[in-house]
Amino acid sequence: MFNKSKIKILFLSAEVAPLAKVGGLGDVAGALPKALAALGVDIRLCLPLYGFIDKRIYQIKKIKTNIEIPFNNGQQKLNLWQTFLPNTKIPVYLIEHSYFVSKKIYQTKRLINKNKYSRGQTDINRFSFFTRASLEAAKIINFQPDVVHANDWHAGLVADFVATLKETDNFFKKSKTLFTIHNLANQGLASPEIVNVSGIDPDIITIKDDLKNHDLVMMVQGILASDLINTVSPTYAKEILTKEYGAGLEKVLALRKKHLSGILNGIDIDFFNPETDKLIAKNYSIKNLKGKLKNKLALQKKLGLPENEKTALIGIVTRFVKQKGIELIIENFSKLNCQFVFLGTGEKRYEDALIHLTNKYPKKFSVQIKFDEKLAHEIYAGSDIFLVPSRFEPCGLTQMIAMRYGSVPIVRATGGLKDTVKTQVGFTFKKFNSGTLYKMINKSLKIYYKKPSAWRRLQINGMKQNFSWEKSAKEYLKLYRELLK
Ligand code: ADP
């Protein structure tokens, strides 16, 4: 039943799992809203209708055609479609426009400049349009949001759009904005024309300030113009205020320090559940860890690694980008008494280095260059150890998923990795270098081979952790309430 006192949230994300996902952002957008809805929040999602999304599978229905909005120095027409997050009553509104017919979420390549990443102007325009169109969608469905909750640089212009609309329209009069940073390194560097293209009021103070050096950074707009900002772990929230982790925005963030907090992500504990997971060879639980060994054997077989349930198997599921520290794994690691499986896609230099290792030591290394949800689950279930050696990590989901499957994490002590991997569940190392990681793997292997009961304790402690979204959702609800005061 419709409840008038429910907090109303319009949630904008470029990715929403399972409809459209590249990484953690998609997982968060597919799971956090469910936990918020369970707390009584009226939350509605907006997502571009990408060309690859199957309308039939997700039962996506057209609800309004030929909606016009000013964009790119003219009127643009869009269609609005709707579905629900699978198995929920949470509406997802999808924006149909020629901007999104592409088979990819991100159409342009990543551009790298001094440890900051951006995308080409096409993506800047696409996601600015998405942000503006999402606000229009709210009007069309007559959903006056208490808070517009925008995620990452894609939706960084949200507060500027809301401010611009407020000048002529009462609809968003009471709406506040929350901006969540999932990864500060991806910033969305736009040329100044974006102000004209988007139709944002050029007199907005944060726009004027940002344009002083002849560009506009969507992430900076999200940080400066939104009412509150947060990031996805308490440690990362502190780290990004330093030069080492601030990706050049530490001074901008310092201006908003009072309005910045860190809320740890959760994981979808129903989707990632070794007891019920349909994607793995054999279901298992804390009470029956032997089932895990069947998954290891099946994985070894699938990958062409020597099939031996005693050999320690180390898994890695990640994007192969500089952030993730893949280059720490070098030839020397072939001396370790274990097998490695890598699943991921990304930069060619990392892919090539891993292919080289696999070709040279096919009994020790297996690299799978693809995005493959099933294989990811098989690795979580089949591995004994899970490696996340990131340079920086806003939260990181894979270490939590691994623990849920009884795979013991070895992580670099940074960001959300530091917040989630304590000594009773895994291993951490500080120095970002190959030798330190090597030693840590060696140490863990000694325990794995020589102290099986201690190893079992680590596994069980990890599997008992509560990584559900409930706790985090309560903290988001607190932020929303703070905004409504
Ligand atoms: P990031 O958001 O930086 O990519 P996270 O650890 O937050 O990293 O989230 C990664 C998510 O994407 C996890 O759900 C992980 O299982 C998934 N993932 C990453 N690469 C692949 C891949 N090649 N195949 C399947 N799933 C992947």
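Modeller: A salt bridge is a side-chain nitrogen of Lys or Arg within 4 Å of a carboxyl oxygen of Asp or Glu. The model before us is predicted, and the structure holds 19 salt bridges.

Biologist: Why are the side chains of Lys21 and Glu373 said to meet in a salt bridge?

Modeller: The N to O distance for Lys21 and Glu373 is 3.7 Å. The cut-off is 4 Å, and one partner must be Lys or Arg and the other Asp or Glu. The pair therefore satisfies the definition of a salt bridge. In general, side chains of opposite charge can pair when their charged atoms come close.

Biologist: Where in the chain do Lys21 and Glu373 lie?

Modeller: Lys21 is in the loop between strand 1 (8-12) and helix 1 (24-38), while Glu373 belongs to helix 11 (residues 373-382). The two are 352 residues apart, and the pair links distant parts of the chain.

Biologist: What makes Lys21 partly exposed, and how is Glu373 classed?

Modeller: Partly exposed is the range between buried, under 20%, and exposed, over 50%. Lys21 has a relative accessible area of 22%, and Glu373 stands at 24%. Both values fall between the two limits, so each residue counts as partly exposed.

Biologist: How do you know that Lys208 and Asp203 meet in a salt bridge?

Modeller: Their N to O distance is 4.0 Å. The definition asks for a distance within 4 Å, and the pair is listed as a salt bridge. Asp203 is exposed, because its relative accessible area of 53% is over 50%. Lys208, at 42%, is partly exposed.

Biologist: Is Glu347, which meets Arg349 in a salt bridge, buried or exposed?

Modeller: Glu347 is at 16% relative accessibility, which is under 20%, and therefore counts as buried. The N to O distance between Glu347 and Arg349 is 2.8 Å. Elsewhere, salt bridges that share partners join Lys21, Asp27 and Glu373 into one network.

Biologist: What makes Asp160 a charged residue without a salt bridge?

Modeller: The nearest side chain of opposite charge to Asp160 is that of Arg256, 9.9 Å away. A salt bridge requires a distance within 4 Å, so this pair does not qualify. Asp160 is nevertheless buried, and its place is in helix 3 (residues 158-166). Beyond four places in sequence, residues touching Asp160 include Ile200, Ile204, Thr206 and Gln221.

Biologist: How do you know that Lys21 makes a polar contact with the ligand?

Modeller: A polar side-chain atom of Lys21 is 3.2 Å from an oxygen atom of the ligand. A polar contact is a pair of N or O atoms within 3.5 Å, so the distance meets the definition. The backbone takes part elsewhere: a polar backbone atom of Lys370 lies 2.8 Å from a nitrogen atom of the ligand, and a backbone N or O atom of Thr398 is 3.5 Å from a ligand oxygen atom. Of the 570 Å² of accessible area that the ligand has on its own, the protein covers 93%.

Biologist: How many residues surround the ligand, and which elements give two or more of them?

Modeller: There are 20 residues around the ligand, and the closest are Gly24, Asp27, Arg319, Lys324 and Tyr380. The elements giving two or more residues to the shell are helix 1, strand 14 (312-320), strand 15 (338-346), helix 11 and helix 12 (398-404).

Biologist: Why is Asn151 called buried?

Modeller: Asn151 has a relative accessible area of 2%, and the limit for buried is under 20%, so the term applies. This residue lies in strand 8 (residues 147-151).

Biologist: What makes the pairing of Asn151 with His182 a polar contact?

Modeller: The side chains of Asn151 and His182 are 2.8 Å apart in this contact. That value is within 3.5 Å, so the pair passes the distance test for a polar contact. The side chain of Asn151 also reaches the backbone oxygen of Leu12 at 2.9 Å.

Biologist: Why is His214 classed as it is by accessibility, and what is notable about its phi?

Modeller: His214 has a relative accessible area of 65%, which is over 50%, so it is exposed. Its phi is positive, about 65°, although His214 is not a glycine. His214 lies in the loop between helix 5 (205-210) and strand 11 (216-217).

How values were computed
Residues are numbered from 1 along each chain as its sequence is written. This is a predicted model: local features need pLDDT of at least 70, side-chain atom pairs count only at pLDDT 80 or more; totals for chains, interfaces and linings use all residues. Side-chain values use heavy atoms; hydrogens and water are left out. Helices (H or I, at least four residues) and strands (E, at least two) are DSSP runs, numbered from the N terminus. Buried means under 20% relative accessible area, exposed over 50%, partly exposed in between (1.4 Å probe, protein chains only). Lys and Arg count as positive and Asp and Glu as negative; His and the chain ends are not counted. Contact means heavy atoms within 4.5 Å. A residue is near a molecule or strand if one of its heavy atoms lies within 4 Å of it. A polar contact is a pair of N or O atoms within 3.5 Å; within protein, one must be able to donate a hydrogen and the other to accept it, and residues adjacent in sequence count only if both atoms are side-chain atoms. Accessible areas come from the Shrake-Rupley method with a 1.4 Å probe; for residues, only the protein chains shown count as cover.
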